[in-house]
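Let us walk through this fold together, one element at a time. Please have the model open and ready to rotate.

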Amino acid sequence: MTADALTDVTGVRVGHATRRGDGWLTGTTVVLAPEGGAVAAVDVRGGGPGTKETDALDPRNLVRTVEAVVLTGGSAYGLDAASGVMAWLEERGRGVRVGPEPTHVVPVVPAACVFDLGRGGDFQARPDAATGRAAVEAAAASEPGGPVAQGCVGAGTGAAVGPVKGGVGTASTVLDSGVTVAALVVANAAGSAVDPETGVLYGELFQGRVEYPDARTHRAARRRLAQSAARNAPPPLNTTLAVVATDADLSKAQAQKLAGTAHDGIARAVRPVHLLNDGDTVFALATGARPLGTGRPLDLNDVLAAGADVVTRAIVRAVRTAEPVTGPGGSWPAYGELYPARGEGSR
């Protein structure tokens, strides 16, 4: 039995820290690798990224593994959350060994942020080191292989996808080879996840599980979205973030290829994508528990294809599990209230 989540990759844990109310609508999500780290890579496609330590993940550079990845709200200010995660890891001797003592480590903690400033009403309400520490502590305290909270939690608390509420979503799959590939996303895009002509989620069109809303529901939804968009300030910056993880034994170069092809999953579910006011960033983690076929480099193709697929599914879940938000910072209806599902929908 799997959780159909990022935590289906053995050893990977997820923790959220969520801040709501009194001007807050933001948070941080930490993906904690197994002790000893995971091979890591990144691919940045958006024109307005906010990141930390991504250069260290270049295959040409020294660092091969990381202990954690931080996804956070608060735009560039929120990258302070990574400091709290670094401190927690240092206390446990987890990081790149740089001295003779086991405690002489420097944790490399890549991080990326989404823009949600002011969405709770207070522009200065944003994650900090304490938020990051709370998220990594939640990850460490979670059950191995357990479910991952989705929707308006962690880094997805203040997320929006076009005019509808965004959030966190996750999904996984097991290949015929036994390799697990999974994704966790923070859906917060300038583009839309909803086809304006039909009201169907783009990601569900790709998945082939389509339930078209009736014309009256669609008309009412379009009116509601137009009203909300008129009340909200134009979103100056947005971003979709993803972590794609696998238990396959990948090199840094192979992990970077996985991060790059996983962007296809965003492009299937959000249109348009990778704009100048997006910071779309995908991290890849490989725990190395399962070797790929020796001498068969094309076996990587199955992992690459699955990475894109689970990202698409995770974005659909992020939008379907999000809850509506109305407050001093704006109004974002949830897709589920605009288009009530008559079937499963959120699988």
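Serine 75 is buried, because its relative accessible area of 15% falls under the 20% cut-off. You will find serine 75 in the loop between β6 and α1. Its backbone deserves a look too, since the phi of serine 75 is near 50 degrees, a positive value in a residue other than glycine. Most residues other than glycine have a negative phi. Keep in mind that this is a predicted model, and that these values are computed from it.

Aspartate 4 offers a similar case for you to inspect. Its phi is also positive, near 50 degrees, and the residue sits in the segment before β1. With a relative accessibility of 19%, aspartate 4 counts as buried, because the cut-off is under 20%.

From here, step into β1 itself. Strand β1 (residues 13-21) runs antiparallel to strand β2 (residues 24-32), and nine bridges join the two. Within this pair, arginine 13 stands opposite leucine 32 of β2. The two strands form a hairpin with two residues between them, and aspartate 22 in the turn has a positive phi of about 55 degrees.

The hairpin belongs to an open sheet of five strands, ordered β1-β2-β6-β9-β4, with mixed pairing. At its edges stand β1 and β4 (51-52); each has a single partner strand, so one side of each is left without a neighbour in the sheet. Further in, β6 (residues 68-72) and β9 (residues 111-113) pair in the parallel sense over three bridges. There, valine 70 has alanine 111 in β9 as its bridge partner.

Which helices lie across this sheet's strands? One of them is α1, which lies across β2, β4, β6 and β9 and runs at about 155 degrees to β6. Helix α2 lies across β1 and β2, at about 135 degrees to β1.

Now turn to how these two helices meet. The axes of α1 (residues 81-91) and α2 (residues 129-141) come within 6 Å and cross at roughly 50 degrees, and the helices are therefore oblique to each other. The crossing of α1 past α2 is right-handed. On the α1 side, the contact is made by Ala81, Ser83, Gly84, Val85, Ala87, Trp88 and Glu91, while α2 brings Ala129, Gly132, Arg133, Val136, Glu137 and Ala140. Sorted by class, this contact has seven nonpolar, three polar and three charged residues.

A further sheet awaits you. This open sheet has six strands in the order β5-β3-β15-β14-β13-β12, again with mixed pairing. Its edge strands are β5 (65-66) and β12 (167-174), each pairing on one side only. Strand β3 (residues 38-44) pairs with β5 in the antiparallel sense over two bridges, and in β5 the bridge partner of valine 39 is threonine 65.

Helices pack here as well. Helix α5 (residues 252-269) lies across β3, β14 (241-248) and β15 (281-290), running at about 45 degrees to β3. Helix α6 (residues 300-321) packs on the sheet too, touching β12, β13 (180-187) and β14, and its direction makes about 145 degrees with that of β12.

One last stop is the loop between α5 and β15, where proline 272 has its place. The peptide bond from arginine 271 to proline 272 is cis, with omega near -15 degrees. Most peptide bonds are trans.

Notes
Residues numbered from 1 in each chain as written. Predicted model: local features only at pLDDT ≥ 70, side-chain atom pairs only at ≥ 80, totals over all residues. Heavy atoms only, no water. Axes fitted to C-alpha atoms, helices over the stretch in contact; angles between N-to-C directions. Helix = DSSP H or I, 4+ residues; strand = E, 2+ residues; numbered from the N terminus. Parallel < 35°, antiparallel > 145°, perpendicular 65-115°, else oblique. Left-handed = near helix turned anticlockwise from the far one by under 90°. Contact = heavy atoms within 4.5 Å. Nonpolar A, V, L, I, M, F, W, Y, C, P; charged D, E, K, R; others polar. Pairing = 2+ DSSP bridges. Buried < 20%, exposed > 50% of the residue type's maximum accessible area, 1.4 Å probe, protein only.
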